[in-house]
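Here is a report on one protein chain. Look at the structure first, then read on.

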Amino acid sequence: MTIQENVSLKTLNTFGVSAKARLFIDINTEEDLKDLFADEQLKNLPHLVLGGGSNMLFTKDFDGLVIHMNIHGVSNRTEGDDVYVTAGGGEVWNDLVNYTIDNEFAGTENLSLIPGSVGASPVQNIGAYGVELMDIFHSCRAFEISSGNMRVFTKEECNFSYRDSVFKSAYKGHYIITEVTFKLSKAFSPNVTYGAIQHELDNRKISSPTINDISSVVSFIRVSKLPDPKTIGNAGSFFKNPIIPVGKFIQLQSNFPDIVHYPSTAGFIKLAAGWMIEQCGWKGKVSGNTGTWKNQALVLVNHGKATGNEIFNFSGEIIKSVESRFDITLEREVNII
Ligand code: EPU
């Protein structure tokens, strides 16, 4: 077990902001986790589990132990048309997507190019272009911090909903996901519910898309809207799309007839936060070293030298502005440290 001190986290968060971990450990196996939490001193330190760092904003140094998940390995098992793919939590999400596409296992293609790690993917039920992780999730293995035991969570036990799971609510901070199993399929039927996918397939004159076609179109749409964290620091959507009761929505719509919205669970409507932020005049705005992305107002960016606090304060201005115009309080999707 090698514990490092004063480790820079700048390259370990996709916002690319400077922050340090007082202590830092790489976890390569489940045994490493068991050893770590068997140590009385280390066990009682404040800790932070870090995957790809793609959904985090560091506003200060972390005065505790950063646990960097590095468990690798991918395998698959076939049952008829079903394929169960199991991946270590430290695998890069998009590497897993590419592995499944190369093998023609259908299910992950709409989730192409999402930054982050496999282990983090169930925590916030990642989603894009008509698909959510819960649609392909089978189960995961997780380390229970209090007991030091491993536990398997079924899909039902994860209690998934929009950008949410049991790991963000009832069991927040209780478990560390080490491995995820996905239920994919050898029988492919394309999901083109997100309008721009069909539009781009038509542009390319593709009438019977393959898994690879869908992945390529999704990647194209994603790149056209979202900044690449390798060149411009960001954490994808900074806020969640608000879900509000239908009654409140009807009132809002009478004042803002063009308000962009989607169906949600019964009695609720989901609003497009990006639309509201744009309506408030923030799209493409540069404020010091931070701002919103020119093609997607829901994405906050680091223009190079932003501090976490600068980005956080800027997000606060957006929240105030949307609140005063629409009477809707945006919630940050990104974890603030
Ligand atoms: N919109 C605007 N202005 C903007 C941005 C969006 O008017 O600056 C409008 C668009 O015109 C569109 C609607 O808002 O009508 C929705 O925009 P978009 O399809 O780009 O998706 P989103 O709701 O802003 C969500 C996810 C993204 C995911 C896309 C595509 C959340 C918080 N974000 O964004 O996920 O890629 O849908 O499925 O749910 C992420 O979570 O980090 C992320 C990037």
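## Where two domains meet

In this predicted model, 4 residues of domain 2 are in contact with 5 residues of domain 3. Three residues stand out on the domain 2 side. Tyr162, Arg163 and Lys168 supply 84% of the area that domain 2 buries against domain 3, more than any other three residues. The area buried between the two domains is about 470 Å². Carbon and sulfur atoms give 44% of that area. The size of an interface is often given as the accessible area lost when the parts come together.

What kinds of polar link join domain 2 and domain 3? The count is 1 salt bridge. Arginine 163 forms a salt bridge with glutamate 333. Their closest N and O atoms are 3.3 Å apart. There are also 2 residue pairs in polar contact between domain 2 and domain 3.

## The domain layout

The domain assignment splits the protein chain into named parts. Domain 1 covers residues 3-69, domain 2 covers 74-185 and domain 3 covers 233-336. The C-alpha centres of domain 2 and domain 3 lie 27 Å apart.

## The sheet of four strands

Strands of a sheet pair through backbone hydrogen bonds, either parallel or antiparallel. Keep that in mind here. One open sheet has 4 strands, in the order β1-β2-β5-β3, and its pairing is mixed. Which strands stand at the edges? They are β1 (3-8) and β3 (47-50). Each has a single partner strand, so one side of each is left without a neighbour in the sheet. From one strand to the next, the twist averages 35°.

Now walk across the sheet. Start at β1, which runs antiparallel to strand β2 (residues 20-27). The two are joined by 5 bridges. Valine 7 stands opposite alanine 21 in β2. Next, β2 runs parallel to β5, with 6 bridges between them. Here isoleucine 25 has isoleucine 67 of β5 as its bridge partner. Last comes the pair of β3 and β5 (residues 62-69), which is parallel and has 4 bridges. Valine 49 stands opposite isoleucine 67 in β5. Isoleucine 67 thus appears twice: opposite valine 49 and as the partner of isoleucine 25.

## The sheet of five strands

Another open sheet has 5 strands. Their order is β6-β7-β12-β10-β11, and the pairing is antiparallel. The edge strands are β6 (74-79) and β11 (150-154). Each has a single partner strand, so one side of each lacks a neighbour in the sheet. Neighbouring strands are turned by 20° against each other on average, direction ignored.

Look at one edge in detail. Strand β10 (residues 137-144) and β11 run antiparallel, joined by 5 bridges. Arginine 141 has valine 152 in β11 as its bridge partner. A helix also packs on this sheet: α3 (residues 93-102). Helix α3 touches β6, β7 (82-88) and β12 (175-185). The direction of α3 makes about 40° with that of β6.

## Salt bridges

Side chains of opposite charge can pair when their charged atoms come close. A search of the whole structure finds 10 salt bridges. One of them joins the side chains of glutamate 30 and arginine 141, at 2.7 Å from N to O.

Why does this pair tie together parts that are 111 residues apart in sequence? Glutamate 30 lies in helix α1 (residues 30-38), while arginine 141 lies in strand β10, so the salt bridge ties those two parts together. Arginine 141 has two links, then: a salt bridge to glutamate 30 and a bridge partner, valine 152, in β11.

Methods:
Residues are numbered from 1 along each chain as its sequence is written. This is a predicted model: local features need pLDDT of at least 70, side-chain atom pairs count only at pLDDT 80 or more; totals for chains, interfaces and linings use all residues. Side-chain values use heavy atoms; hydrogens and water are left out. Two strands pair if DSSP finds at least two bridges between them. Axes are lines fitted to C-alpha atoms, for helices over the stretch in contact, and angles run from 0 to 180 degrees between N-to-C directions. Domain bounds come from an automatic or database domain assignment. Contact means heavy atoms within 4.5 Å. Buried area is the accessible area (1.4 Å probe) that two parts lose on being put together, summed over both. A salt bridge is a side-chain nitrogen of Lys or Arg within 4 Å of a carboxyl oxygen of Asp or Glu. A polar contact is a pair of N or O atoms within 3.5 Å; within protein, one must be able to donate a hydrogen and the other to accept it, and residues adjacent in sequence count only if both atoms are side-chain atoms.
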